[in-house]
Amino acid sequence: MTTTAPNTSPTTTPGDPSEAVLDNPRWSSLTGAHAHLAEGNALVRRYPADVSPFAAVRSWDDPDVWDAVVDLVGPGGQFPTPPASVPLPPGWERLALHEGVQLVDTDRLETRPDDEAVVLGADDVPDMLALVERSRPGPFLPRTYLMGRYVGVRRGGRLVAMAGERLQPDGWTEISAVTTDPDHRGQGLATRLVLDVAHHVRERGARPMLHAAGDNATAIRLYEHLGFRLRARTAFGAVRAPLASPRA
């Protein structure tokens, strides 16, 4: 199941006011739980390139934000796209844009730890990367595991399924990297690991949430069946900075 993170402000449905932080979850994560991983400044931040491709701005309304983005990514560099309502300055190019969804937990979500799930860490990175290569769940890099707790299931010593924690906006934790080896699908491993991750998120006093590609109907149906609800429709993509700095 492919999960991604939104690169634009979502179009939300009415919900709990505590969900407002999820309108800009990457910024909340980069200035909060993951501040120790963040690169950037008071206007724009990102994760190191070997941790995550995600970045965020405090507000697209700040007149200095575009210069701050160029300072971070460099001329010709790429950055997550702003909302469609935000006009691009001269020289900026909007690249491919894809639809996504954001889901949050409800009282119907019955979490539980999984006896077969093992916690994954630095020593497991080669196996995690190999599984990602086979199953293509979305961005997962050599140090992505630093973003939170990752768990997996091994069969015959081989890692065949995993799930973990990615963004950690205030009061929430994103479930991500939910994936199963193609040869082991249909056994309910992804469901079991999602419920295990969600269980430990709630034990810490946070709420689980996740993102999925808008066209991944199978994953969305599964998450809704487990007890998540659609909170927002989002979009993700990138913009490219001008090759020459606008201040040059």
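## Trp66 and helix α2

W66 counts as buried because its relative accessibility is 12%, and a residue is called buried when that value is under 20%. In this predicted model, W66 belongs to helix α2, which spans residues 65-73. Leaving aside residues up to four places away in sequence, W66 touches W60, P82, V86, P87, L88, P89 and W92. The position of W66 can also be set against that of M128, which comes 62 residues away along the chain; the C-alpha atoms of W66 and M128 are separated by 36 Å.

The helix that carries W66 also has a defined relation to a sheet, since α2 lies across β2, β3 and β4 and runs at about 30° to β3.

## The sheet beneath α2

What is the order of the strands in the open sheet of 3 strands? The order is β2-β3-β4, and the pairing is antiparallel. The edge strands are β2, made of residues 39-40, and β4, made of residues 55-57, each of which pairs on one side only.

Strand β3 covers residues 44-46, and its antiparallel pairing with β2 extends over 2 bridges. Within this pairing, E39 has R46 of β3 as its bridge partner. As a general point, the strands of a sheet are paired through backbone hydrogen bonds, in either a parallel or an antiparallel arrangement.

## Helix α5 and its two sides

Helix α5 runs over residues 217-226, and its buried residues are A219, I220, Y223 and L226. These buried residues lie on the same side of α5, because they cover an arc of only 130° around the axis. T218, R221 and H225, by contrast, are exposed on the other side of α5. The elements that cover the buried residues of α5 include the strands β6 (93-105), β10 (172-180), β11 (207-213) and β12 (228-240), together with helix α4 (189-203).

Both ends of α5 have a residue that deserves a closer look. Ahead of the helix, N216 is placed in the loop between β11 and α5, and N216 counts as buried because its relative accessibility is 17%. A polar atom in the side chain of N216 lies 3.2 Å from the backbone nitrogen of A219, and A219 is itself one of the buried residues of α5. After the helix comes G227, whose phi is positive, near 125°.

## Strand β6 and its partners

Strand β6, which is among the elements covering the buried residues of α5, is paired with two other members of that group. With β12, β6 pairs in the antiparallel sense over 11 bridges, and in this pairing R94 stands opposite V239 of β12. With β11, β6 is joined by 5 bridges, and these two strands also run antiparallel; here Q102 stands opposite H211 of β11.

## Two residues with positive phi

Which residue in the loop between α3 and β8 deserves attention for its backbone? The residue is R136, placed between α3 (125-135) and β8 (150-155), and its phi is near 55°, a positive value in a residue other than glycine. R136 is exposed, with a relative accessible area of 56%.

A177 also has a positive phi, of about 55°, although it is not a glycine. A177, however, is found in strand β10 and is buried, with a relative accessible area of 5%. Strand β10 has already been named among the elements that cover the buried residues of α5.

## The protein as a whole

The secondary structure of the protein consists of 5 helices and 12 strands. The radius of gyration is 18 Å, close to the 18 Å given by the globule rule for 248 residues, so the protein is as compact as a globular protein of that length. Taken along the principal axes, the C-alpha atoms fill a box of roughly 60 × 40 × 30 Å.

Of the 248 residues, 52% count as buried. Among the contacts with a separation of 6 or more, 71% are accounted for by residues that are 24 or more positions apart.

Key
Residues numbered from 1 in each chain as written. Predicted model: local features only at pLDDT ≥ 70, side-chain atom pairs only at ≥ 80, totals over all residues. Heavy atoms only, no water. Helix = DSSP H or I, 4+ residues; strand = E, 2+ residues; numbered from the N terminus. Buried < 20%, exposed > 50% of the residue type's maximum accessible area, 1.4 Å probe, protein only. Contact = heavy atoms within 4.5 Å. Arc of directions from axis to C-beta. Pairing = 2+ DSSP bridges. Axes fitted to C-alpha atoms, helices over the stretch in contact; angles between N-to-C directions. Polar contact = N/O pair within 3.5 Å; in protein donor to acceptor, adjacent residues only side chain to side chain. Rg over C-alpha atoms; globule rule 2.2 N^0.38 Å.
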